[in-house]
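Please look over the chains below before reading on. The report takes up the fold, the sheets, the core and the contact between chains.

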Amino acid sequence: MGKTLAEKVWDAHVVRKGDGEGANAQPDLLFIDLHLVHEVTSPQAFEGLRLAGRQLRRPDLTIATEDHNTPTLDIDKPIADLTSRTQIQTLRNNCKEFGVRLHSLGDAEQGIVHVVGPQLGLTQPGMTVVCGDSHTSTHGAFGALAMGIGTSEVEHVMATQTLSLKPFKTMAINVEGTLRPGVSAKDIILAVIAKIGTGGGQGYVLEYRGSAIRALSMEARMTICNMSIEAGARAGMVAPDETTYAFMLGRPHAPQGADWDAAVEYWNTLHTDDDATFDVEVDLDADTLEPFVTWGTNPGQGISLNETVPFPEDFADENAKLAAERALQYMGLEAGTPMKDIRVDTVFLGSCTNSRIEDLRAAADVIRGREKDPKVRMLVVPGSARVRLEAEAEGLDKVFKEFGAEWRFAGCSMCLGMNPDQLEPGERCASTSNRNFEGRQGKGGRTHLVSPVVAAATAVRGTLSSPSDLESATATTTLTGTAV
Amino acid sequence: MEKFITHTGIGVPLRQSNVDTDQIIPAVYLKRITRTGFEDALFAAWRKDASFILNQEPFNAGSVLVAGPDFGTGSSREHAVWALKDYGFKAVLSSRFADIFRGNSGKQGLLAAEVAQDDIELIWKVLENAPGTEVKVDLVSKTVECGNVVAPFEIDDYTRWRLLEGLDDIGLTLQHEEDITAYEATRPSFKPRTLPARTQ
């Protein structure tokens, strides 16, 4: 019988099969091709190595960046928050001691770890990629098996370049059809999570398939794989194809010459065989998909932007009903309110979900020549210093600045508010990030997850909006003008 | 790692689903570089509310957390497990755990016991009707006992064995170091290396 993509990548990395079978099977020991490191989940792992007198086995398969704590303003000055500064300094000391390559604040390759890996060409099809960060699933967009791990596992990978893993079940997410204008990858993944729930992917590696996925750019595929964890899945994958190779070609760490040819030959085998079966299949229709937005406090609590805030009593499951009641109270929303009537205070364009060059271009296209709602604050935080440079070369920074948005330096920023970029209590935000948990973007902050184009349209109107709302607004003005 | 065989302690009913890791420990507490001392950070936002369960006696002395489905969703932060342990929790009961949280628990000796939601509801009732009732979690027999409720729980055999024996993961893996070395020799040359560094 054939194998799925995930099974192929898994099998190619087994160092040692676990003893036993069935329920008594021990985990397999898998080799890790790339270990990404950042300042938050690594200090205790480095300390563990030091205490045990162990070496970091493969510095040449390890790379670190500073992202979670880094300020997005005044990056040439010492970090004001002392604990943040200490954590960053600890990473610098550890990388020096253990010989790990580090891209520090101010370096052209610094940025969010999940933006930096692909951008350098270090993320490649068929690899195993791990990082002490749940959004490592992002790298699955290249057909890599990429997983977030905890600090104990970070230490384990540092010491052994392997992980003990129990085999996953496989789930196909089939997305067929063509997305309508104004609908994007973010809407696909928010719709998937709303459909299968925050625990729906638990124990599974998801494979995104179908014509709508094949039509997506690498940036868009990364957005989708990034939020696999929000459906509870350990990883999400897309089979590599010409789009993948075109993205990789010429990147600093992409294979060169004969290695490139050998790599492509191997990568071409990385797809689910026709006679392979998935444990579960889920279908989503791209043709009818509309812009999606969350109303609650977990990423599964999402609906189409054209709908209204749901009534808790409409949920059949008692736990879901309670969760909805609590979420509406926290979010300060009344059931029945049209989503498009919800006014926001802040728009955040950034995070490992949506801070790549294509995301910035898409948002810039929406706001170009328009005015920002004066009551709305908009933060634009490129995913990496390189993305920032690229955007500036295209003049996107000017578009954002003329619109009235703040053009910041790279990092995780307001996605989780570990740096000064935070919401005030009660402040409402349309955010291109990945989590709308209580207090995620700042204590008492209220988050609506949206795509970059919805974020941009929302900044124009001040209420949750899609780009098509802007078009109709312009059309009305023209019509009135003609009548007069 | 300390062995976990059985534990008996006050049960804390947390009637909530999707308790995500940002609630267990907000990001602002992740800036520390130590592995201990996170007890103040546990449920930091919720603990500001006087009516929160851990602000009530005798639940504040609890050591077995009984939560709704999808516990530990979200971030991979192991700090969530450290905070639960530092506060004094030895076990968490839920009908469904997020994968990474469950993995992190197993590494740190916090028992993540998967109990059917119907049994969780029965245990909640016991704990709410008689606050301070102890929950006994027995890893040998894979059962929990609370008042008149006796329920089985699920945990994968490998994690159970490691917890019962108190085994260190890295030490176990390094017993197979020759396998790792042999695998490394077979890796194709097109696989990338981070060193020497190449940039644009």
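What follows describes chain A, then two sheets, the core and the interface.

This is a predicted model, in which local features need pLDDT of at least 70 and side-chain atom pairs count only at pLDDT 80 or more, while totals for chains, interfaces and linings use all residues. Residues are numbered from 1 along each chain as its sequence is written, and chains are lettered from A and ligands numbered from 1 in the order in which they are written.

**Chain A**

Chain A has 16 helices and 19 strands; helices (H or I, at least four residues) and strands (E, at least two) are DSSP runs, numbered from the N terminus. Its C-alpha atoms fill a box of roughly 75 × 55 × 50 Å along the principal axes. The radius of gyration of chain A is 22 Å, which agrees with the value near 23 Å for a compact globule of 484 residues; the radius is taken over C-alpha atoms, and the globule rule is 2.2 Å times the number of residues to the power 0.38.

Of the 484 residues of chain A, 61% count as buried. A residue is buried if 20 or more other C-beta atoms lie within 10 Å of its own, exposed if 12 or fewer, and partly exposed in between, with C-beta atoms placed from the backbone. In helix H5 (residues 151-160) of chain A, 10 of the 10 residues are buried, so this helix is largely enclosed by the rest of the structure. A:Gln161 follows H5(A) and has a positive phi, near 60°.

**Two sheets**

Strands pair if DSSP finds at least two bridges between them. Angles run from 0 to 180 degrees between N-to-C directions, and axes are lines fitted to C-alpha atoms, for helices over the stretch in contact.

| Open sheet | Strand order | Average turn between neighbouring strands, direction ignored |
|---|---|---|
| Three strands, chain A | S1-S2-S8 | 40° |
| Seven strands, chain B | S4-S3-S2-S1-S5-S6-S7 | 25° |

The pairing in the chain A sheet is antiparallel. Strand S1 (14-16) and strand S8 (162-165) of chain A stand at its edges with a single partner strand each, so one side of each has no neighbour in the sheet. Two bridges join S1(A) to strand S2 (residues 28-31) of chain A, and A:Arg16 stands opposite A:Leu29 in S2(A).

The chain B sheet has mixed pairing. Its edge strands are S4 (111-114) and S7 (149-152) of chain B, each with a single partner strand, so one side of each is left without a neighbour in the sheet. Strand S6 (residues 143-146) of chain B runs antiparallel to S7(B) and is joined to that strand by four bridges; B:Val144 has B:Ala151 as its bridge partner in S7(B).

**Core**

The largest nonpolar core (buried Ala, Val, Leu, Ile, Met, Phe, Trp, Tyr and Cys residues joined through C-beta atoms within 7 Å) has 202 residues. A:Ile188, A:Val347, A:Ala363, B:Val66, B:Val92 and B:Leu93 touch the most other members. Helix H6 (residues 185-196) of chain A gives the largest share of this core, eight residues.

**Interface**

54 residues of chain B are in contact with 72 residues of chain A, contact meaning that C-beta atoms, placed from the backbone, lie within 7 Å. On the chain B side, H3(B) gives the most, with six residues.

Terms used. Two residues are in contact if their C-beta atoms, placed from the backbone, lie within 7 Å.
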